[in-house]
Structure formats: C-alpha cells, structure tokens
Amino acid sequence: MLALSALRLGLWKQSIVRCTDNTGIIKAVIIGLGKNKWGTGKIGDRVRVSVRDKHDWYKGEQTPKAIIARTRKESNRKDGSYIKFDDNSVVVIAKNKAKGTKIKGPLSYEVQNNCKALARWIF
C-alpha cells in the first residue's frame, strides 16, 4: 500500500521537465529534490535540474536551481478542488528570484509559498 501512495505524489528524480521561462533552457532533468518522505516533488517545491536541451545563446550554469511550476499529476488544494496541467515544467531561480523576465503559460497559486518573487506573475 505504501508503494501505491508514493506513486500519487508527483515528480521523481530523473523526470524530464520543460522550462517555462525565457532563460534559454528548453528541457531539463530533475537531479535533486527536497527532503520529503517519498522523494517526490509537487507544485512549488525547489529542485536542482540538469540542463539537457538549450538554445545556442544560453550561457548559464549546467545545474541551476528551479521551482516546479506545473505537473501533470493533479494536486489537492485546501478548499477541496484539484488542479492539473498538460505538462511538467519548472521556473529557473537564482537568489530566490526568477532568472528569466517572462513566464510562458499559467502559474499556480501554490508557487508563491516557496518563492515570493514569483507572486507578481500570479493573477
């Protein structure tokens, strides 16, 4: 039963995610997650990613920090509703601020708990 509940939680290590800002990263792989019981990540968690696909003009680091912005797995909100998205994506951060200047696609309300600087993109 424990294995079934662990499958429900979200992104694991080695999950391929899409970068949803304009830093120049296209695809990345999660290599480090927070310390929760099952080793999975949900919306709003800070992760370390490894860049797999990027634009030619990207000159940043190979393993930046990021925050999970969207997941395909639905997440339960406090009011009882569920939210899920079409893709798994992250926003690259540095010093608790977004590295990019634009964020593509919707951003969930749960992200602002871990990164107050991203709260200006939440409507």
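Let's start with one charged pair: lysine 42 and aspartate 45 form a salt bridge, with their closest N and O atoms 3.4 Å apart. Aspartate 45 is buried, at a relative accessible area of 16%, whereas lysine 42 is partly exposed, at 48%. Keep in mind that this is a predicted model.

Side chains of opposite charge can pair when their charged atoms come close. The structure holds 4 salt bridges in total, and here are three of them, including the pair just described:

| Acidic residue | Basic residue | N to O distance |
|---|---|---|
| Aspartate 45 | Lysine 42 | 3.4 Å |
| Aspartate 87 | Arginine 70 | 3.2 Å |
| Glutamate 110 | Arginine 77 | 2.8 Å |

Now follow the chain to the salt bridge between aspartate 87 and arginine 70. Arginine 70 belongs to strand 4 (residues 65-70), while aspartate 87 sits in the loop between strand 6 (82-83) and strand 7 (89-94), so this pair ties together parts that are 17 residues apart in sequence. Aspartate 87 has a relative accessible area of 17% and is buried because the cut-off for that word is under 20%. Arginine 70 counts as buried too, with a relative accessibility of 7%.

The salt bridge of glutamate 110 and arginine 77 comes next. Their side chains meet at 2.8 Å, N to O, and the pair links distant parts of the chain, 33 residues apart. Glutamate 110 is found in the segment after strand 8 (97-98), and arginine 77 in the loop between strand 5 (75-76) and strand 6. Arginine 77 is partly exposed, with 27% relative accessibility.

Notes. Residues are numbered from 1 along each chain as its sequence is written. This is a predicted model: local features need pLDDT of at least 70, side-chain atom pairs count only at pLDDT 80 or more; totals for chains, interfaces and linings use all residues. Side-chain values use heavy atoms; hydrogens and water are left out. Buried means under 20% relative accessible area, exposed over 50%, partly exposed in between (1.4 Å probe, protein chains only). Helices (H or I, at least four residues) and strands (E, at least two) are DSSP runs, numbered from the N terminus.
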